[in-house]
Amino acid sequence: MRIGIIGCGIGGMAAAIALARTGHAVTIFERFSEPQPLGAGLLLQPSGLDALSLLGLREEIEAFGARVIALRGATPKGRVVMDIRYQDWRTGCYGLGIHRASLFDVLYRAVLAAGVQVRPACDIVAIKSAPNPTLVDTGGAAHGPFDMTIVANGAASALRDAIAPKARSPLYPWGAIWTICPDPEGRWDGVLSQVYAGARVMIGVLPVGAAPDDARKHVALFWSLRQDEHDVWRARGLESWRTEIASYWPEAARLLHGAEDFQSLPYARYRDVQAWPWAAGATLLLGDAAHATSPQLGQGANLALVDAVTLAEALKDRSPTAALNYYRKQRAAKVAWVQFMSAALTPVFQSRSRFIGWVRDCFMGPLSRCWPFSRLMLATLTGAGAMPFAMFLSNVAKFLAPDRRD
């Protein structure tokens with residue numbers, strides 16, 4: 001089949017690799033003049049690593065990343081709020097922190113090696129879907145027709161409404177400041193560490209391994225920040241921010257000694273995307289374009305990778321229509337579970353509620369080590385969680401979406 005993919009991000013590239021290797025003629029359309037990664041670090045969960053194994057890329061990607069065996073969170077005074085260890089799910093289980101640029105480079109090389117045609121500086125603004133999808137760019141040029149089109153251009157996709165007219169994609173009230181810092185001695189190895197001051201302040205340090213142009217070990221430092229407070233944060237200046245971090249977590253503040261300006265401190269904004277159905281005709285929403293969530297669970301890249309390999313498997317011996325029906329059935333329950341848990345947990349770590357923060361600090365630490373709560377958290381973290389009532393949970397997640405809460 002001829003397949004057109006809109007977006008050269010993680011999900012789009014993974015889908016292109018998987019589909020091209022099974023004999024399909026794949027073209028990626030990317031609006032940037034040169035495909036590039038957006039963001040700093042991310043955590044690949046076991047589900048995402050399994051998908052990379054199916055793509056034959058896990059070993060190469062692990063060479064760049066850093067294994068994460070536990071997630072630990074505490075208050076500034078040292079009270080344990082979260083203690084989750086991957087080995088409690090399965091012996092030998094782990095996550096992988098990685099610089100987003102390193103993951104991008106490995107995937108992009110594999111895209112080219114698979115014979116995928118990449119069309120940069122081609123911003124697709126419309127899809128004509130009868131009888132086969134034809135893509136229209138900003139200059140009015142038509143591309144196609146294709147037997148199938150995949151929309152994988154992220155949470156802010158302007159094409160989503162054409163597939164799912166009732167889709168909702170509100171911005172989260174909270175975003176995050178991210179930066180990559182060298183950690184040559186590996187002081188932060190093995191653990192995603194976080195410090196919380198109530199539900200309003202969240203600081204995290206994630207080991208991410210090597211950068212594409214620097215073989216030393218690195219970490220990604222992130223600071224949770226409301227969008228309506230971003231301008232005030234910048235106006236206060238960099239030194240004021242260092243001092244504030246030091247008041248909560250001196251070890252993390254020392255990582256920022258090399259930061260000299262705001263250019264190395266991008267602000268990431270997030271959306272809660274509720275879109276159903278994911279497909280219309282022969283056009284499919286994939287990755288964040290279909291189901292972006294809060295980064296609190298660290299599942300965005302993992303969901304996109306599993307989407308990609310599931311779609312390729314569905315297309316092996318099925319017509320496009322049958323394949324998309326199969327794909328939706330395979331992915332609905334797991335995606336709905338992540339969306340539900342994200343909607344439920346995000347206010348626990350990102351909100352203005354002092355009461356929620358107090359309850360979390362009192363009870364979440366002990367619960368994170370007790371069955372069945374520990375199994376529930378691990379199932380969600382590893383990507384194994386799923387519920388049979390997927391549509392019900394999806395509707396509950398819509399009700400809990402961030403534009404309905406502080």
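Q: Hi! Where is Gly-92 found?
A: Hello! In this predicted model, Gly-92 sits in the loop between strand 5 (80-85) and strand 6 (95-99).

Q: And is Gly-92 buried or exposed there?
A: Gly-92 is exposed, because its relative accessible area is 54% and exposed means over 50%.

Q: How far is Gly-92 from Pro-76 in space?
A: Their C-alpha atoms are separated by 31 Å. Along the chain, Gly-92 and Pro-76 are 16 residues apart.

Q: OK, let's zoom out. How many helices and strands does the protein chain have?
A: The protein chain has 14 helices and 18 strands.

Q: What does the radius of gyration say about the chain?
A: The protein chain has a radius of gyration of 21 Å. A compact globule with 406 residues would come out near 22 Å, so the value agrees with that picture.

Q: What box do the C-alpha atoms fill?
A: Roughly 60 × 45 × 45 Å, taken along the principal axes.

Q: How much of the chain counts as buried?
A: Of the 406 residues, 57% count as buried. As for the outside, the accessible surface comes to about 17300 Å², and 55% of that surface belongs to carbon and sulfur atoms.

Q: What share of the contacts is between residues 24 or more positions apart?
A: That share is 73%, counted among contacts with a separation of 6 or more.

Q: Now helices. At what angle do helix 2 and helix 10 pack?
A: Helix 2 (residues 46-54) and helix 10 (residues 300-314) pack at about 35°. Their axes are 8 Å apart, and helix 2 passes helix 10 in a left-handed crossing.

Q: Which residues make that contact?
A: From helix 2, they are Ser-47, Gly-48, Ala-51, Leu-52 and Leu-54. Helix 10 brings Asn-302, Leu-305, Val-306 and Val-309.

Q: How many of them are nonpolar, polar or charged?
A: The contact has 6 nonpolar and 3 polar residues, with no charged ones.

Q: What comes just ahead of helix 10? Say, where is Thr-293?
A: Thr-293 is in the loop between helix 9 (288-291) and helix 10.

Q: Why does Thr-293 count as buried?
A: Thr-293 has a relative accessible area of 10%, and buried means under 20%.

Q: What does Thr-293 touch?
A: Leaving aside neighbours within four places in sequence, Thr-293 is in contact with Tyr-172, Arg-271, Val-338, Gln-339 and Ser-342. Another distance to look at is the one to Met-341: the C-alpha atoms of Thr-293 and Met-341 are separated by 9.7 Å, with their positions 48 residues apart along the chain.

Q: Switching topic: which residues does a cis peptide bond join?
A: One such bond joins Trp-276 and Pro-277, with omega about 5°. Pro-277 is placed in the loop between strand 16 (267-268) and strand 17 (279-280). The bond from Trp-371 to Pro-372 is cis too, with omega near 10°.

Q: Where does Pro-372 lie?
A: In the loop between helix 12 (354-367) and helix 13. Phe-373 is found in helix 13 (residues 373-382).

Q: What does Phe-373 touch, and how exposed is it?
A: Not counting residues up to four places away in sequence, Phe-373 touches Leu-367 and Ser-368. Phe-373 counts as partly exposed, because its relative accessibility is 24%.

Q: What about Ala-121 and its phi?
A: Phi of Ala-121 is near 50°, a positive value in a residue other than glycine. Ala-121 is in the loop between strand 7 (117-119) and strand 8 (124-128). With a relative accessible area of 56%, Ala-121 is exposed.

Q: Last one: where does Met-1 lie, and what does it touch?
A: Met-1 lies in the segment before strand 1 (2-6). Apart from residues up to four places away in sequence, Met-1 touches His-24, Ala-25, Asp-147, Met-148, Leu-315 and Pro-320. Met-1 is partly exposed, at 29% relative accessible area.

Q: And how far apart are Met-1 and Pro-347?
A: They are 44 Å apart in space, C-alpha to C-alpha, and 346 residues apart in sequence.

Notes: Residues numbered from 1 in each chain as written. Predicted model: local features only at pLDDT ≥ 70, side-chain atom pairs only at ≥ 80, totals over all residues. Heavy atoms only, no water. Axes fitted to C-alpha atoms, helices over the stretch in contact; angles between N-to-C directions. Helix = DSSP H or I, 4+ residues; strand = E, 2+ residues; numbered from the N terminus. Left-handed = near helix turned anticlockwise from the far one by under 90°. Contact = heavy atoms within 4.5 Å. Nonpolar A, V, L, I, M, F, W, Y, C, P; charged D, E, K, R; others polar. Rg over C-alpha atoms; globule rule 2.2 N^0.38 Å. Buried < 20%, exposed > 50% of the residue type's maximum accessible area, 1.4 Å probe, protein only. Areas by Shrake-Rupley, 256 points an atom, 1.4 Å probe, with all protein chains shown as cover.
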